[in-house]
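Morning, everyone. I have one structure to walk through today. Let me put it on the screen.

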Amino acid sequence: MSNKILSCLKKKEKNLPIWFMRQAGRYLPEYQSLRKKNKNFINFCKNPEDIQKATLQPIKRFDVDAAIIFSDILLILDATGQKISFEEKKGPILNNYNKKIFYQQSDKDFKKKLKKTYESIKKTRKKLNKEKALIGFAGAPWTLLVYMINKQSPKKKLEIEKIKNKEKEKIIKRLEHLIYLHCEEQIKSGADIIQLFDSWAGKIKEKEINKFCIIPNANIIKKIKKKYPHIPVICFPKGINKKINLFIKKAKPHAINIDPNMKLKKINIKANVVFQGGLDPKFLLKGEKQMFKKTKEYLDFFKETPYIFNLGHGILPQTKPKTVKRLVEFVRSYKP
Ligand code: 1CP
């Protein structure tokens, strides 16, 4: 059997591969026990033996079609000298960014700080069956800029207007370069696919969506396509709403993940892209009847086009592993 998700992405087969965002994480008891040993989350993300274990946990349990390397989008900022800690209930807390390191550090030194991620990818790829894809990832420039400046989750408040557009643009340009380097090293280490998370694209003013979201994603995709034409790129501009068709047309990703607020009728199903995801992770907390009903809406809507089953955001920590298993079984057996 071939690699299902790669055939879907490359040959555009309608073979319905499945994986889940945040498929490794707090809802799994086997993850909790690894996490207990690694009290500091950033250090956990630098421990190749445990990263490899966490990455493979959902494959062992659910036999999903892809593993996503266990890491975090904020490690790029950590590698530019910005200190990060994770606090219970608060999420990430960051220090001020270090201008000198951020702009002047050599590529070599930057990559050296992320070498544990690359080592983990090598280790994981060796253990992972060829039929399964290994997804490497990075945050997109805007989303990393948000954490750099806001220094905490923007869920409650976003203070990004305190810096001028010129400075934002300068930071974004530098981030484009660093993100590309990180993607490149992940590919060289064995990642088969790259996913770019623009989790806070929904916070961009409509008239600035091109400048801060579409163009930076497009620039990174263009570079990856040029040097690694065999590597598909999946984008997730969360909250992009009606600009999705413009994003697809201009950034030209191989695939695009949709979020739960995306109205399906706004989507151009004939666009030259593979669609992924959409189901609100809250449906995994509602009982099977409602979960299957909503799942069917996505499977029916996308039945004529290549589609990767996934959620519209990460699995919630309260989710029961059994529910995830039932959802995988349901999707695999569904005939629209
Ligand atoms: O154990 C714990 O308490 C840590 C929770 C956790 C986990 C499991 C964090 C902290 N990060 C991760 C892993 C992670 N993060 C993965 C790999 C695992 C997998 O997907 O199976 C990935 C792909 C991410 C990506 C990530 N980190 C994003 C983009 C996706 C998204 O959720 O929008 C973002 C925004 C982050 C930042 C971050 N890291 C962790 C948290 C709780 C957050 C969100 C903070 C916020 O609300 O702003």
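Start with the ligand. This is a predicted model, and in it 24 residues surround the ligand. The closest are Tyr31, Arg35, Asp72, Tyr147 and Ser199. Keep Ser199 in mind, since that residue comes back in a moment.

What is the make-up of the shell around the ligand, in nonpolar, polar and charged residues? The count is 14 nonpolar, five polar and five charged.

Now the polar contacts. I have three to show, each from an oxygen atom of the ligand. With Ser199, the partner is an N or O atom in the side chain, and the distance is 2.6 Å. With Lys155, the partner is again a side-chain N or O atom, at 3.1 Å. Arg22 uses its backbone: a polar atom there sits 2.9 Å from a ligand oxygen.

How much of the ligand does the protein bury? On its own, the ligand exposes 880 Å². The protein buries 90% of that.

Next, a second site to look at. The second largest pocket holds about 250 Å³ of space. It is lined by 14 residues. Closest to the centre of this pocket are Lys14, Asn15, Leu16, Tyr334 and Pro336. By class, the lining divides into seven nonpolar residues, two polar and five charged.

Last, the chain as a whole. Its secondary structure comes to 14 helices and nine strands. The C-alpha trace spans about 55 × 45 × 40 Å along its principal axes.

Which radius of gyration would a compact globule of 336 residues have? The value would be near 20 Å. This chain has 19 Å, so it agrees with a compact globule.

To recap the ligand site: 24 residues around the ligand, and 90% of the ligand's exposed area buried by the protein. That's my part. Over to you for discussion.

Conventions: Residues are numbered from 1 along each chain as its sequence is written. This is a predicted model: local features need pLDDT of at least 70, side-chain atom pairs count only at pLDDT 80 or more; totals for chains, interfaces and linings use all residues. Side-chain values use heavy atoms; hydrogens and water are left out. A residue is near a molecule or strand if one of its heavy atoms lies within 4 Å of it. A polar contact is a pair of N or O atoms within 3.5 Å; within protein, one must be able to donate a hydrogen and the other to accept it, and residues adjacent in sequence count only if both atoms are side-chain atoms. Accessible areas come from the Shrake-Rupley method with a 1.4 Å probe; for residues, only the protein chains shown count as cover. Ala, Val, Leu, Ile, Met, Phe, Trp, Tyr, Cys and Pro count as nonpolar, Asp, Glu, Lys and Arg as charged, and the others, Gly among them, as polar. On a 1 Å grid over the protein atoms alone, a cavity is a set of points where a 1.4 Å probe fits but cannot get out, and a pocket is an open set with protein on both sides within 12 Å along at least five of seven lines; lining residues have an atom within 4 Å of a point. Grid points are joined across faces, edges and corners, and a volume is the space filled by probe spheres set on the points. Helices (H or I, at least four residues) and strands (E, at least two) are DSSP runs, numbered from the N terminus. The radius of gyration is taken over C-alpha atoms; the globule rule is 2.2 Å times the number of residues to the power 0.38.
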